[in-house]
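Please look through this structure with me and explain the terms used for its strands and helices. I would like each answer to set the value against the definition behind the word.

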Amino acid sequence: MKTTKEEQATSFAGHTPMMQQYLRIKSNYANALLFYRMGDFYELFGDDAERGAKLLGITLTTRGQSNQKPIRMAGVPVHALEPYLARLVKAGESVAICEQIGDPATSKGPVERQVLRVVTPGTLTDASLLPDREERCLAAITRADRRQQAALAWMSLASGECLVAEVDWNGLSDFLQTMQCVEVLVPEAVVGGLPASLGDTMVVKPLADWQFEPERALRKLSERLGVASMKGFEIGDEPALQSAACALIEYAAKNSGLSEDAAMPHVQSIRRWRSDAYLTLDQVACRNLELVEGLHGGTSHTLLARLDQCRTAAGSRLLRHRLLHPVRDWQEILKRQQQILALLPCLDDSMLGQLDAMVDFERLATRIALGSVRPRELAALRAAIKILPALMSRLPQALQAELAALDLEPRLLTCLEQQLLDEPASQLRDGGVIRDGFDEELDELRSLDRGCDDFLASFEVRERERSGIANLKVAYNSVHGFYIEVSQGQLTRVPDDYRRRQTLKNAERFITPELKAFEDKALSAKERALVRERKLYEALVSGLLSHVPALQAAGQAIARIDLAQSIASISVASQWCQPSLSDGQLLRIEQGRHPVLETLVEGFIANDCDMHEQQRMAIITGPNMGGKSTYMRQIALIVLMAHCGFFVPARSCTLGVFDRIFTRMGASDDLAGGRSTFMVEMTEAAAILHHASEKSLVLMDEIGRGTSTYDGLALAQAIAEQLAQGNRSLCLFATHYFELTALSQHLAAVINLHLSAAEGRTGIRFLHQVREGPASRSYGIQVARLAGLPSAVTRKAAQLLDSLEQSSRDRLTQPDLFSAPQIVETSPPEAPLRDVLAGINPDEITPKQAQAWLYELKRMCED
């Protein structure tokens, strides 16, 4: 509830005038840390000081009193603000930057101050605060008119694209993470109904309910976008989506230093997100496939790291976006493939060097639109624009859209060259930004300032002659201004018009009327030059606003070109192929490889995959560490890369359209959520069974292992049968339950595959080759030996295995792993049989001879 001015005045009554000013400003930013400018420092007071000191590791102190209490305070230098801001934003804090806007010389009370911007996790635009190659999105959520649906709007303020969608309420957290959202705005009435996991991954900001009021939202959006109806944005009859979009844009505008109603030139429209246009990946699939983050953290061995040979940050961001949002439109996929093909002949050091010289056009356009662009950023933009013609001359005519976007208006470059210095200062406040000769008034003021040294030198010579003091000095410092310094031994020669300014131990400092008049003129000229230069620079930035859409388009074109060259370069070096597109349920891969592991493992074994409507499920068996999970992941990654419009690591690949990729892999519990490993496994399996369709690709890795043997086997078989007959998805089903291999005998669409291995005197050797049919054994004990288990343990395990397998064959009761082992005594083979076996050399006989020996041995056993 807002307090009235009278109530505020009463509550601030006992405080000093400065603290009253601080508290009035702070009352409008209760949920943010207020950085209050005082000279060369930003100060934090009270509770903000304690929290800031803890988060930043700075000194908390007390100074003076206000309202009869010591003033708690902590501060950071103005010149070092950015690193501190970055740390606070990373911690999820919002920071209000309060600047001095009044003149201390003319202020009777505290200098006038005002919050000029608010920095929050989702509204970052400064290059020093944003990660170059990732987005940081802001989102707004409210309840949709449809049951169990959320109306969602989100945008990256750094790029200016605003999107809206209706999302299932329970899938909200997953969707927001995929969209790289870090801050979420929610009506106060809705906060209590948010998914519990939402606050674990992003900052949730409650806003007043009236900020999501539908009628107000429609009016505000129409005014801001200059339209009479929202139908052109596909949300004409969607008041909840309009409310979310309005709250989002107003919050972004206000925290960027603009008013809630101010125009944001880089936000041109609102786009409706259509989930059915994309191959859907939930967070489980993204994690299991290690798209942008490894299973154990880090990014070095992810698909993103493998594919990212982009020369620009924008190209890397586009790559991340396409990996997380593969498309299902074959025309779009073909268009992306054609871009890669078109660039294959153009790849050389010259083109790569030109891409290296590009700036982040899209983010610079945002900072121009918000008026926060810095002089050196404009100088870098000017240099990049000069290189564009050379880059365009290297591009093939097939990239017509990109060539058109890079053809910027000549007057943009002319404007920057005429007004901006070749090497401007890093900060506008330091001056030295606008080119000499551009503005007469600025040139005159600069001339006065630059003539200062000449005047002081000639004035010093004249005063030495007039006074007869040979060691007289004329100088300047920022505290006392200009002065004449005379040593103690020469004070008797000081002329009558000298006025004492400062006393030192061995000298006195004076000023004369002439020097004082020059001081007023010179210092005034410097200050007026800075003011004039600021106005000229602001006018320059304002004049660039009309070029913002073109700069955004150029940035997007450079990102597409850069990403295409990255994939083209890797495809040539790694011998990847262009996937072919087909109708129907089909996935045919010849000599496919894992895109990441092929660079890490010498002699990586390539494998085929052939799945279609009559062969939808592959039951995959084989030894632990044999490569089952790798094979499944590489198939999924090839499918995903094909839907991104990339080339793929295979000799050939033909596939149909997929709508989702599901993965149930690995073992982990959820202690915070109170879920065991098995519960997590079953929850993920349930989601797959409920949502997988005929156009889905499903990876199931060792389902059912978290419970007793027969329970797990029963569940695994029931799930496999449902996927094969009910969902009818293409499914790779890895298991150690060899009983499941029998499914191929009564389900026509099921086949058996296995990963081969060989056992010799030195132990097991994994061949990593996928072959038809089921595996003969799992080699678990052999793998345990490789892991270093004591030999006594593995011998005992082998005995137990014999006993358990015998019990299973007898099918009497479920095996009891904790009972004493029943070791089965077996007699040695009869002498004739032993002699025959001794005479066979397995390494020298042919398959046909081996078959003949098997028949002979079978006959001898029967006799």
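Q: To begin with the sheet toward the end of the chain, which residue in β19 stands opposite Leu587?
A: In this predicted model, Leu587 stands opposite Met611 in β19. Helix α22, residues 628-644, packs on the sheet and touches β18, β19 and β21 (652-655), and its direction makes about 115° with that of β18.

Q: How do you know that β18 and β19 pair?
A: Two strands count as paired if there are at least two bridges between them. Strand β18, residues 586-592, and β19 are joined in the antiparallel sense over 5 bridges, so the requirement of at least two is satisfied.

Q: What makes β17 and β19 the edge strands?
A: Each of them, β17 (580-581) and β19 (607-612), pairs on one side only. They stand at the two ends of the order β17-β21-β18-β19 in an open sheet of 4 strands, whose pairing is mixed.

Q: Which residues of helix α3 are buried, and why are they said to lie on the same side?
A: Buried means under 20% relative accessible area, and in α3 (residues 46-56) this term applies to Gly46, Asp48, Ala49, Gly52, Ala53 and Leu56. They cover an arc of only 125° around the axis, and therefore they are on the same side of α3. As a general matter, an α-helix has 3.6 residues a turn, so residues three or four places apart point the same way.

Q: What covers the buried residues of α3, and which residues are exposed on the other side?
A: The cover includes α2 (17-26), β1 (33-38), β2 (41-45), β4 (69-77) and α4 (81-90). On the other side of α3, Asp47 and Lys54 are called exposed, a word kept for residues over 50% relative accessible area. After the helix comes Gly57, which has a positive phi, near 70°.

Q: Why is strand β7 called mostly covered?
A: Of the 7 residues in β7 (residues 137-143), 6 are buried, and buried means under 20% relative accessible area.

Q: How do you know that β7 pairs with both β10 and β8?
A: The cut-off is at least two bridges. With β10 (residues 181-187), β7 pairs in the parallel sense over 4 bridges, and Leu138 stands opposite Glu183 in β10. With β8 (residues 149-156), β7 runs antiparallel and is joined by 6 bridges, and Ile141 stands opposite Leu152 in β8. Both pairings therefore satisfy the cut-off. In the hairpin of β7 and β8, with 5 residues between the strands, Gln148 takes a positive phi near 60°.

Note on methods: Residues are numbered from 1 along each chain as its sequence is written. This is a predicted model: local features need pLDDT of at least 70, side-chain atom pairs count only at pLDDT 80 or more; totals for chains, interfaces and linings use all residues. Side-chain values use heavy atoms; hydrogens and water are left out. Contact means heavy atoms within 4.5 Å. Axes are lines fitted to C-alpha atoms, for helices over the stretch in contact, and angles run from 0 to 180 degrees between N-to-C directions. Buried means under 20% relative accessible area, exposed over 50%, partly exposed in between (1.4 Å probe, protein chains only). The arc is that of the directions from the helix axis to the C-beta atoms.
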